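Please walk through this structure with the explanation below. The text takes up the strands, then the helices, then the enclosed space.

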Amino acid sequence: MLESIIGTQITLAAAGICTAVSLALGLGIALLCMYKTRYTQSFIVTLAIIPAVVQMVIMLVNGNIGAGVAVAGAFSLVRFRSVPGTAREIGMIFLAMAVGLATGMGYVTLAVLFFLVMAAFVLTLSMLRFGAGQDGERELRITIPENLDYDGLFDDLFCRYTKSAQLERVKTSNMGTLYELDYRVVLRDEQVPKEFLDQLRCRNGNLNIVCGRVDSREVL
């Protein structure tokens, strides 16, 4: 059942079956990557064709060590021409490559089973919100003038409106006349209270305040 459909020589029928399965699984991986996450069209289209591309490369190499080394060197150059992706995107790329390797060697049934298992696993973890932060977690960026001491400046407001607050980074701006304070806070309510922002504005001289959800697209 899990035997390769490719014999000693690659036939047109076997190549057609492997390519069709690769494209179908590539589309499934693309849909899986689109589930409850942000994405770009170019990445999704590329992800859909990766299994078929890897499959064809494996078929063309077909045991030729020299060709395999050359192909590996060519693929290693791709990382220098690509933008760093999120952990989820990198994981999906590895999944697409694994499927392409399986179909390229003729293990079509194994590729399908592997995709189904991984898709079910990823969807289950997503629905269970495995590894997700708290619902009220926000990134808070406050700009203050240089004459203010930021140490403990907003502690009473954080005690009133947040469950926890941690100063992540301090950055100078505008030729050193301003400080940008980046906090990681967990609000008591899911929505950002207007009164909380008004109190912060009174403390920082009505300078810029930015409060938004934590960006889940961490770059590796």
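Two strands are counted as paired if DSSP finds at least two bridges between them. The model discussed here is predicted. Strand β1, residues 137–145, is joined to β3 by nine bridges, and these two strands run antiparallel. One position that shows the register is Ile 144, which stands opposite Tyr 179 in β3.

Strand β1 also has β4 as a partner: the two pair in the antiparallel sense over five bridges. Here Glu 139 stands opposite Gly 212 in β4.

Strand β3, residues 178–187, has a further partner in β2, to which it is joined by 10 bridges, again with the strands running antiparallel. Within this pairing, Gln 166 has Arg 184 in β3 as its bridge partner.

Put together, these pairings give an open sheet of four strands in the order β2-β3-β1-β4, with antiparallel pairing. The edges are formed by β2 (162–173) and β4 (209–213), each of which pairs on one side only. From one strand to the next, the twist averages 20 degrees. In a regular strand, side chains alternate between the two faces of the sheet.

The helices come next. Two packed helices are described by the angle between their axes and the distance between those axes. Helix α4 covers residues 87–104 and helix α5 covers residues 108–127; they pack at an angle of about 165 degrees, and their axes are 9 Å apart. Angles over 145 degrees count as roughly antiparallel, so α4 is roughly antiparallel to α5. The crossing of α4 and α5 is right-handed.

Helix α4 also packs with α2, residues 41–61, at an angle of about 30 degrees and with the axes 7 Å apart. The limit for roughly parallel is an angle under 35 degrees, and α2 and α4 are therefore roughly parallel to each other. The crossing of α2 and α4 is right-handed.

What remains is the enclosed space. Rolling a probe the size of a water molecule over the atoms shows where empty space is left. How many cavities of 30 Å³ or more are there? The count comes to one, and the largest cavity holds about 30 Å³ of space. The residues that line the largest cavity are Cys 33, Thr 37, Arg 38, Tyr 39, Phe 43, Arg 88 and Glu 89. By class, this lining has three nonpolar residues, one polar residue and three charged residues.

Notes: Residues numbered from 1 in each chain as written. Predicted model: local features only at pLDDT ≥ 70, side-chain atom pairs only at ≥ 80, totals over all residues. Heavy atoms only, no water. 1 Å grid on protein atoms, 1.4 Å probe; cavity = no way out; pocket = protein on both sides within 12 Å on 5 of 7 lines; lining within 4 Å. Points joined across faces, edges and corners; volume = space filled by probe spheres on them. Nonpolar A, V, L, I, M, F, W, Y, C, P; charged D, E, K, R; others polar. Axes fitted to C-alpha atoms, helices over the stretch in contact; angles between N-to-C directions. Parallel < 35°, antiparallel > 145°, perpendicular 65-115°, else oblique. Left-handed = near helix turned anticlockwise from the far one by under 90°.
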